[in-house]
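These are my notebook entries from a first look through one structure. I record what I looked up, entry by entry.

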Amino acid sequence: MPDFNWNDTINLLSKVTGKRLLNGIKVLSSYYWSKWTRKAVQWGYPISISFEPTTSCNLRCPECPSGLRAFTRPTGMLQNSFFQQTIDQLSGQLLYLIFYFQGEPYLNPSFLDMVAYAAGKGIYTATSTNAHYLNDTNAKRTVESGLDRLIISIDGTTQDVYEQYRVGGRLEKVLEGARNIVKWKKNLKSKTPFVFFQFLVVRPNEHQLEDIRRLAKEIGVDQVRFKTAQVYDYEKDPNGLIPANTKYSRYRKNPDGGNVFKNTLENHCWRLWHATVITWDGLVVPCCFDKDAQHTLGDLKGKPFKEIWRNEEYVTFRRQVLRSRKNIDICANCSEGTTVWKD
């Protein structure tokens with residue numbers, strides 16, 4: 001669920017219908033029942049879905065499969081017709097739709113058409129972008145599409161720092177895009193999208209936290225959030241990304257000088273009950289940590305979503321989380337329960 005902000009929260013609550021509220025109660029109660037009984041039951045349908053517009057990306061970030069071009073699964077673009085068919089199945093219960101998994105959403109030419117379609121169904125819509133494609137035209141279309149939340153990834157306040165993680169990126173394009181969105185919100189007298197800078201705290205940029213606060217205020221975005229970085233080889237940290245400030249790190253030093261994960265992996269996971277992820281080509285995977293779709297739970301090209309949501313594969317995966325989450329590979333580096341700091 002989104003962080004608290006009066007305008008944004010009121011907007012989200014305006015999307016709640018009786019049917020969605022009832023579904024949310026079913027999902028929440030089945031989650032707690034499953035925790036208490038250690039039996040994987042699911043009485044509702046997803047409250048939130050992440051739908052992948054594309055796996056393509058213009059940048060080459062060092063801890064991202066899109067940036068590294070390291071997928072073993074096929075790459076491609078989500079088709080508008082397939083998206084609409086899936087949303088039609090779920091729009092009655094679905095409250096929150098995230099247009100992001102891997103890749104840069106604005107590279108899909110139908111992206112904003114899909115946003116408008118979901119917004120027309122009264123669903124709260126959000127996306128995350130590196131903002132290199134928020135030219136004046138796209139910024140205007142974004143505001144007009146009805147997008148509710150726009151996350152702009154900005155991991156540095158100077159080009160030399162920014163490009164150390166956002167390899168191939170241009171900070172001036174990000175700032176230009178942010179200004180375009182703020183301008184068109186004002187011109188169109190729109191309260192949406194709620195815009196925030198997401199600052200992934202890594203060692204090269206951790207000295208710029210105050211700078212990003214000032215920059216956000218200058219441009220007029222709504223909020224700044226600081227996010228901890230997922231590092232795949234966190235024991236060795238070969239790219240030198242883990243920050244020295246442990247407040248903004250998912251990891252801590254062990255007596256041998258290596259890094260270990262801070263979190264204890266308890267045998268439950270709210271994500272597995274209230275949310276799901278759908279790849280551009282229709283694969284249903286447990287969550288956003290399964291970036292290469294190695295734990296596919298169903299394929300929407302062959303079965304409707306509601307059948308997949310309660311199939312044996314999904315039940316088995318939820319049961320495994322309840323019994324021994326630490327033995328699931330994608331859970332080993334999971335941020336579920338890890339703090340995300342905001343201003």
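**Entry 1: Backbone points**

I began at alanine 131, which I found in the loop between strand 3 (124-129) and helix 6 (136-145). The model I am reading is predicted. I looked up the phi of alanine 131 and noted a value near 70 degrees, positive in a residue other than glycine. I recorded alanine 131 as buried, because its relative accessible area is 1% and the cut-off for buried is under 20%.

I entered arginine 38 next, whose phi is near 60 degrees, again a positive value in a residue other than glycine. Arginine 38 sits in the loop that runs between helix 2 (18-37) and strand 1 (48-51). Is arginine 38 buried or partly exposed? Its relative accessibility is 38%, so I wrote down partly exposed.

My last backbone entry is the peptide bond from threonine 192 to proline 193, which is cis, with omega near 0 degrees. Proline 193 belongs to the loop between helix 8 (171-187) and strand 5 (194-201). I noted these three places because most residues other than glycine have a negative phi, and most peptide bonds are trans.

**Entry 2: Helix 4**

I then turned to phenylalanine 82, in helix 4 (residues 80-90). Phenylalanine 82 counts as buried because its relative accessibility is 16%. Which residues does phenylalanine 82 touch, not counting those up to four places away in sequence? I listed Phe51, Trp280, Gly282 and Leu300. I also looked up a C-alpha separation: phenylalanine 82 and isoleucine 123 are 41 residues apart along the chain, and their C-alpha atoms are separated by 17 Å.

Asparagine 80 is also found in helix 4. I entered asparagine 80 as buried, since its relative accessible area is 19%. With neighbours within four places in sequence left aside, asparagine 80 is in contact with Ser110, Asp113 and Met114.

**Entry 3: The whole chain**

For the secondary structure of the chain, I recorded 12 helices and 12 strands. The C-alpha trace spans about 55 × 50 × 40 Å along its principal axes. I compared the radius of gyration with the value for a compact globule: with 343 residues such a globule would be near 20 Å, and the chain has 20 Å, so the two agree.

Of the 343 residues in the chain, 56% are buried. Among contacts with a separation of 6 or more, 69% are between residues 24 or more positions apart. I noted an accessible surface of about 15,100 Å² for the chain, with 52% of it belonging to carbon and sulfur atoms.

**Entry 4: Cavities**

Rolling a probe the size of a water molecule over the atoms shows where empty space is left. How many cavities of 30 Å³ or more are there? I recorded 2.

The largest cavity holds about 40 Å³ of space. Its lining consists of Cys269, Leu272, Pro286, Cys287, Phe317, Arg325, Ile330, Cys331 and Cys334. I sorted the lining of the largest cavity into 8 nonpolar residues, no polar ones and 1 charged.

The second largest cavity holds about 30 Å³. Among the residues that line the second largest cavity I noted Val201, Thr228, Ile242, Ser249 and Arg250. This lining divides into 7 nonpolar, 2 polar and 1 charged.

How values were computed. Residues numbered from 1 in each chain as written. Predicted model: local features only at pLDDT ≥ 70, side-chain atom pairs only at ≥ 80, totals over all residues. Heavy atoms only, no water. 1 Å grid on protein atoms, 1.4 Å probe; cavity = no way out; pocket = protein on both sides within 12 Å on 5 of 7 lines; lining within 4 Å. Points joined across faces, edges and corners; volume = space filled by probe spheres on them. Nonpolar A, V, L, I, M, F, W, Y, C, P; charged D, E, K, R; others polar. Helix = DSSP H or I, 4+ residues; strand = E, 2+ residues; numbered from the N terminus. Rg over C-alpha atoms; globule rule 2.2 N^0.38 Å. Buried < 20%, exposed > 50% of the residue type's maximum accessible area, 1.4 Å probe, protein only. Contact = heavy atoms within 4.5 Å. Areas by Shrake-Rupley, 256 points an atom, 1.4 Å probe, with all protein chains shown as cover.
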